[in-house]
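Here are my notes on the model you sent over. Have it open while you read, since I point to residues as I go.

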Amino acid sequence: MSTQKVVDPAFQGAGQKVGIEIWRIEDFKPVALPKSDYGKFYSGDSYIVLQTTSPKGGAYLYDLHFWIGKDSSQDEAGTAAIKTVELDSVLGGRAVQYRELQGYESDKFLSYFKPCIIPMEGGFASGFKTPEEETFETRLYICKGKRAIRIKQVPFARSSLNHDDVFILDTENKIYQFNGANSNIQERAKSLEVIQHLKEKYHGGVCDVAIVDDGKLQAESDSGEFWVLFGGFAPIGKKTVSDDDVVLETTAPKLYSINDGELKFEDIPLTKAVLENTRCFLLDCGAEMFVWVGRVTQLEDRKAVTKAVEEFIINQKRPKTTRVTQVIQGYESHAFKSKFESWPAGTATGNSALLKQQGVDVKGAPKSSTPVNEEVPPLLEGGGRLEVWCIDGNTRSPLPKEDNGKFYSGDCYIVLYTYHSGDKKEEYYLNYWIGKESTADDQVMGAELANTMWNSLKGRPVLGRIYQGKEPPQFVALFQPMVILKGGISSGYKKITEEKGAASGSYSPEGIALFRVSGTAIHNNKTLHVDALATSLSSTDCFVLQTGSAMFTWHGNSSTYEQQQWAAKVAEFLKPGVTVKHCKEGTESSAFWFALDGKQSYTSKPIMQYTIVREPHLYAFSIRKGYRDLQFLPR
């Protein structure tokens, strides 16, 4: 189904710039709010809130929330949930989705609105009063939260007060803050920020402010005025327990598969391998629920899942405070992964400067950049132009398009990716890749030619030096797939091997070759050419065996579905159009073992490609009076 056919006109251009965008559901359709109304949430309505961020040099990241007012109808709330799925589809299916209920919002959601949001009574269906129609109404609010403050309007009565919380009484000419004797000092400080917000937004910046402390003398003028508004001083009662104060219990995770809107409990060990990319799952952890969406699922299936989860919460009589977070395959949060018994470790987290990875030197990068605390780092925008050159002597030879992604370990390459960022500006991603068996002359020439290209582009790209085995995810994701081959095709490598009198050992499309496929996603899909021996196999990976005219894919018993998919893709990449024979571990033919010089024992444990020895260290280098001075800078 085409995305263009299902996208709502209100979502045209959404997510193309950093910041917040908000839509309110009106007559079951999303309507964009004017920025002047951001932060106003009516309890009778439902809203969609999109937060777009863009770490320097990285692709956009999306957090997508649908907010449900306490008086919003179930149909409106359902529309908000479904339209959120549609918007995610427009954004490429990469957003993390959150269900927000009035009064129980997540800290992430509240952090978008400083210092707080103050839900208002009414809504679109009941009509809104114009400023001329509005008369000031005295309101009493209770304030809760240490990091993100939550404001809730309570009845304007003495019975609403207690000794444990902070309250704000907003009158036409004065705002009072009542600090319960046992209230939290952080909540008191946050409430002062709320008072300033109320003063600026609803009093034109002109209003008196008074602090009333619980238990202090009522003879003080501010305290006396405060109690008069409640009909005179009288002892206040103890705090009564409400839904706001109930701390939900986290239970052992239960996994449900979702098919055609029906949930089925899966009584199996929780491992990543059970999550199939064509299906959706619900992970019920009691106080919190996660919805996992496979990358290959259809838009209509995702809408059905959202409705099914809402019905599950109602049928199970779960409290309103139950939080639901939806994650897409490949963009799972740490909180989600931590619920599983087994989740293979992925690539080390990237950062927003794209090349701040182990083994990467940068030129032209900002002096500082903010790390992205995501397991899957932001990748470059798709649809760009990719050009690759192999260093050959004093020149660079362009690779045929069909060979983009083949890297010989005895060669050096220059890679230039030209793309358009969210503001339609042309951007460049320029690197030179150094094979571990490449010659020193090729490495120097690669640096010189890449620097010349960098200068010709007026220093606009971030120029990176990338070593084999230390490729950052943004680089790997450019190639579908990326295959590192033995040997080399450059004249420099051939000359060195001839001088040594050794066989080049270079990959040949007509020879026997074995490839290990260990990647599970576009950002870590490296495939490595290994020795064509049975001892190179591992039960945790998939392998591709080339035997001249035939191609095999071998699936280890502990390999994942994603690895098996990548193996098929690698086989097609190396030998387009050739029939591929698939075999699982333990079902190999005699022809398979014959190509590997006979069957031998092999490992069932993961094979580590490289090990990060230590964290980076920063040194200051200077020359003083002819002497070099090297000083370590602590973090």
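The points below go from the whole chain to a few local spots.

1. **Ground rules.** This is a predicted model, so local features need pLDDT of at least 70 and side-chain atom pairs count only at pLDDT 80 or more, while totals for chains, interfaces and linings use all residues. Residues are numbered from 1 along each chain as its sequence is written, and side-chain values use heavy atoms, with hydrogens and water left out.

2. **Overall picture.** The protein has twelve helices and 30 strands; helices (H or I, at least four residues) and strands (E, at least two) are DSSP runs, numbered from the N terminus. Of its 635 residues, 48% count as buried. Here buried means under 20% relative accessible area, exposed over 50%, and partly exposed in between (1.4 Å probe, protein chains only). Take the contacts (heavy atoms within 4.5 Å) between residues at least 6 apart in sequence: 66% of them join residues at least 24 apart.

3. **Surface.** About 31,800 Å² is exposed by the protein, with carbon and sulfur atoms supplying 51% of it. These areas come from the Shrake-Rupley method with a 1.4 Å probe, and for residues only the protein chains shown count as cover. Leu192, Val209 and Ile211 make a nonpolar surface patch of about 230 Å². To join such a patch, residues need over 30% relative accessible area and no salt bridge, with nonpolar side chains (Val, Leu, Ile, Met, Phe, Trp, Tyr) joined within 5 Å and like charges within 9 Å. Leu192 sits in helix H4 (residues 185-202) and is partly exposed at 44%.

4. **Strand E17.** Which strands does E17 pair with? Strand E17 (residues 385-392) runs antiparallel to strand E20 (residues 412-420), joined by six bridges, and also pairs in the antiparallel sense with strand E18 (residues 395-398) over four bridges. Pairing takes at least two DSSP bridges between two strands. Look at Cys390: Tyr413 in E20 stands opposite it, and so does Ser397 in E18. E17 and E18 form a hairpin with two residues between them, and Gly393 in the turn has a positive phi of about 70 degrees.

5. **Asn162.** Is this loop residue buried or exposed? Asn162 lies between strand E7 (150-154) and strand E8 (166-170), and is buried at 6% relative accessible area. Its side chain reaches the backbone nitrogen of Asp164 at 2.7 Å and that of Asp165 at 3.0 Å. Leaving aside residues up to four places away in sequence, Asn162 touches Phe167, Phe178, Gly180, Ile236, Gly237, Lys238 and Lys239.

6. **Salt bridges.** There are 22 in the structure, each a side-chain nitrogen of Lys or Arg within 4 Å of a carboxyl oxygen of Asp or Glu. One of them joins Lys303 and Glu86 (2.8 Å, N to O). Lys303 lies in helix H6 (residues 299-315) and Glu86 in helix H2 (residues 74-90), so this pair ties together parts 217 residues apart in sequence. Lys303 is buried at 12%, and Glu86 is buried at 7%. Both belong to a salt-bridge network with Asp8, Lys83 and Glu300.

7. **Two other pairs.** Asp222 and Lys174 meet in a salt bridge (2.8 Å, N to O). Asp222 is in helix H5 (residues 221-229) and Lys174 in strand E9 (residues 174-179), so parts 48 residues apart in sequence are tied together. Lys70 and Asp71 also form a salt bridge, with the closest N and O atoms 3.1 Å apart; Lys70 is partly exposed at 47%, and Asp71 is partly exposed at 46%.

Conventions. Polar contact = N/O pair within 3.5 Å; in protein donor to acceptor, adjacent residues only side chain to side chain.
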